[in-house]
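Please look through the sequence and the structure shown here. The report that follows takes up charged pairs, aromatic rings, helices and a sheet in turn.

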Amino acid sequence: MARPLRLEFAGALYHVTSRGDRREAIYEDDDDRVAFLRVLASVADRFNWLIHAYCLMGNHYHLLIETPDGNLAKGMRQLNGVYTQYSNRRHRRVGHLFQGRYKAILVQKESYLLEVARYIVLNPVRAHLVRSAGDWPWSSYRATAGRVTSPDWLTTAWVLFAFGDRSSAAQFAYRRFVSEGRGQPGPWVDLAHQVFLGNEAFIDDMRERIEQLNRPLTEVPRAQRVRRAKPIGDYEAEADTRDEAISRAYASGGYSLQEIGTHFGLHYSRISRIVKAVERGSKNRKAGAKSKTGPSPS
């Protein structure tokens, strides 16, 4: 059976898990966990990753990774490879540390980032290792909740901005949000085809991207083999409003939220809200138009 394609593109968001070979431990003590986080920090810096959440368990880990440069596979090879070398060297072993390939689920950022981030930090609670997320030192919870200083490689702004503009109030709301998640089902009830977590439009977009990857190159016109988005300034000049220009630039697939934010002088979380608002307005207008025309005759 063929392995599923690893779909990579600029701005993709993934929930990534990787387990120990034969489900054995990948961290034997806290020194191992510290070393893993050190490798993760290096990989995040080298590959320009945004780490929104993480949790290190005994025989596996969870990461919520955004890839502005569309390079998940390269970064994961570095992460698991370098840590395996460290672990084998320290514990005088040889061979595989991780069980096969890592698992990566594509996540619709605007709809599911918060739910997945909460699911990740609640893993130790669900495993009955601790009573609350704050009792587990090997996750992003404490840094996001404002209980410890956040490392430079951890991106907490996008999660916290969903709860308000002031850090203290946002951190309090985040702590309550995580606490309310205990005992609730995870976001995976909405998982489609085992790899997509998002609404129907998101899933259709991802499937279209995969279909394009599966097409023989000879069937793709030469002009379409390398699709380049127009400069962001062109979208700005053509659109009637700034928000419309932002939406068009993002829809082109050629720019990440961060790149668009840099151009317009806005935080990328603000860009995300603008894109979502424009999409919602477009759907409302289409729904209104359909209601005016009424049902088609049978």
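## Charged pairs

R242 has a relative accessible area of 38%, so R242 counts as partly exposed. The model is a predicted one. R242 is joined to D243 by a salt bridge, with 3.0 Å between the closest N and O atoms. D243 is partly exposed as well, because its relative accessibility is 27%. In all, the structure holds 13 salt bridges. Side chains of opposite charge can pair when their charged atoms come close.

Another salt bridge links R248 to E244, at 2.3 Å from N to O. Both residues belong to helix α11 (residues 242–251), where they are four residues apart, about one turn of the helix. An α-helix has 3.6 residues a turn, so residues three or four places apart point the same way. R248 is partly exposed at 35% relative accessibility, and E244 is partly exposed at 23%. Elsewhere, D29, D31, D32 and R90 are joined into one network by salt bridges that share partners.

K230 and E238 form a further salt bridge, in which the closest N and O atoms are 2.9 Å apart. K230 is partly exposed, with 33% relative accessibility. E238 is also partly exposed, its relative accessible area being 45%.

## Aromatic rings

The structure holds 13 aromatic pairs. One of them is formed by F36 and Y83, which meet edge-to-face, with 5.3 Å centre to centre and 85 degrees between the planes. F36 lies in helix α1 (residues 30–46) and Y83 in helix α2 (residues 72–91), so this pair ties together parts that are 47 residues apart in sequence. F36 and Y83 are both buried.

Y83 also forms an aromatic pair with F98. Here the rings are tilted, at 6.5 Å centre to centre and 55 degrees between the planes. Because Y83 is in helix α2 and F98 is in the loop between α2 and β4 (103–107), the pair ties together parts that are 15 residues apart in sequence. F98 is buried, as is Y83. Ring pairs link these residues into a cluster whose members are Y27, F36, Y61, Y83, Y86 and F98.

## Charges over rings

Two arginines are placed with a charged end over an aromatic ring. For R118, the ring is that of F177, and the charged end sits 3.9 Å from the ring centre. For R209, the ring is that of F9, and the charged end is 3.9 Å from the centre.

## Helices α2 and α3

Helix α2 has 20 residues. From its first C-alpha to its last, α2 reaches 28 Å, close to the 28 Å expected at 1.5 Å a residue. Its buried residues include L72, A73, G75, M76, L79 and N80. Y83 and Y86, which belong to the ring cluster, are also among the buried residues of α2. Which elements cover the buried residues of α2? The cover includes β1 (12–19), α1, β3 (60–67) and β4. After α2 comes R92, which has a positive phi, near 55 degrees.

Helix α3 (residues 109–121) has 13 residues and reaches 17 Å from its first C-alpha to its last, close to the 18 Å expected at 1.5 Å a residue. Since 10 of its 13 residues are buried, α3 is largely enclosed by the rest of the structure. The buried residues of α3 are K109, E110, Y112, L113, V116, A117, R118, Y119, I120 and V121. Among them is R118, whose charged end sits over the ring of F177.

## The sheet

Six strands make up an open sheet with mixed pairing, in the order β2-β3-β1-β4-β6-β5. The edge strands are β2 (50–56) and β5 (191–192), each of which pairs on one side only. Strands of a sheet pair through backbone hydrogen bonds, either parallel or antiparallel.

How do β1 and β3 run, parallel or antiparallel? They run antiparallel, and eight bridges join them. L63 in β3 stands opposite V16. Three strands of this sheet, β1, β3 and β4, are included in what covers the buried residues of α2.

Notes
Residues are numbered from 1 along each chain as its sequence is written. This is a predicted model: local features need pLDDT of at least 70, side-chain atom pairs count only at pLDDT 80 or more; totals for chains, interfaces and linings use all residues. Side-chain values use heavy atoms; hydrogens and water are left out. Rings of Phe, Tyr and Trp (its six-membered ring) pair if their centres lie within 6.5 Å; planes under 30 degrees apart count as stacked, over 60 as edge-to-face and the rest as tilted. Helices (H or I, at least four residues) and strands (E, at least two) are DSSP runs, numbered from the N terminus. Buried means under 20% relative accessible area, exposed over 50%, partly exposed in between (1.4 Å probe, protein chains only). A charge sits over a ring if NZ of Lys or CZ of Arg is within 6 Å of the ring centre and within 35 degrees of the ring normal. A salt bridge is a side-chain nitrogen of Lys or Arg within 4 Å of a carboxyl oxygen of Asp or Glu. The expected span of a helix is 1.5 Å times one less than its number of residues. Contact means heavy atoms within 4.5 Å. Two strands pair if DSSP finds at least two bridges between them.
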